[in-house]
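Me: Please take a close look at a single part of this model, the largest pocket, and then place a few further local features beside it.

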Amino acid sequence: MPYPYGKFRYKVEIEGKEAGGFSEVSGFDATVEVIEYREGDMVQTPLKVPGLKKYGNITLKQGVTTSKVLYEWITAGINGPVERKTVTITLLDDEEKAAASWQVINAWPTKYTAPDFNATSSEIAIDTLEIAHEGMTRVS
């Protein structure tokens, strides 16, 4: 019986290029809304039919470094048309090989949050980028 993989070993690529290390990647999910339909003679249970398909925004958290790749991605969209890109999130096994991989289609940044600062803290400064997308596919 295969054992499940830990969620702490992964990599993120944007357009096939490694996007750096991330402390957290969260929020990628898919939902099919339920529409309840009832006709006048349906006494007990309404009919349930599939509605809109929705995808949650993905949040990427990364320690601040000299790299401004994520910041430049959102500022490009602020100053002009948004750049839609393919983001690949890959879960790695113990030998750093791909165990499972998801492609996020037509992703673009919707919110950037700079780190907060506190002189009494010893935590790492974290940049947060939220991206919207139009679908995800598990490719392996």
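Reply: The account below begins with the pocket and then turns to a helix and two backbone angles. The model is predicted, so local features need pLDDT of at least 70 and side-chain atom pairs count only at pLDDT 80 or more, while totals for chains, interfaces and linings use all residues. Residues are numbered from 1 along each chain as its sequence is written, and side-chain values use heavy atoms, with hydrogens and water left out.

The largest pocket has a volume of about 230 Å³. A pocket is an open set of points on a 1 Å grid over the protein atoms alone, where a 1.4 Å probe fits, with protein on both sides within 12 Å along at least five of seven lines; lining residues have an atom within 4 Å of a point. The volume is the space filled by probe spheres set on the points, which are joined across faces, edges and corners. Ala114, Pro115, Asp116, Phe117, Asn118, Ser121, Glu123, Ile124, Ala125 and Ile126 form the lining. By class, this lining has 6 nonpolar, 2 polar and 2 charged residues.

Helix α1 spans residues 69-79, and its buried residues (under 20% relative accessible area, 1.4 Å probe, protein chains only) are Leu70, Trp73, Ile74 and Thr75. These buried residues pack against β1 (10-14), β6 (58-63), β7, β8 and β9 (126-132), where contact means heavy atoms within 4.5 Å. Helices (H or I, at least four residues) and strands (E, at least two) are DSSP runs, numbered from the N terminus.

Glu96 lies in the loop between β7 (85-92) and β8 (98-113), and its phi is near 65 degrees, a positive value in a residue other than glycine. Asn106, in strand β8, likewise is not a glycine and has a positive phi of about 55 degrees.

Definitions and conventions:
Ala, Val, Leu, Ile, Met, Phe, Trp, Tyr, Cys and Pro count as nonpolar, Asp, Glu, Lys and Arg as charged, and the others, Gly among them, as polar. Buried means under 20% relative accessible area, exposed over 50%, partly exposed in between (1.4 Å probe, protein chains only).
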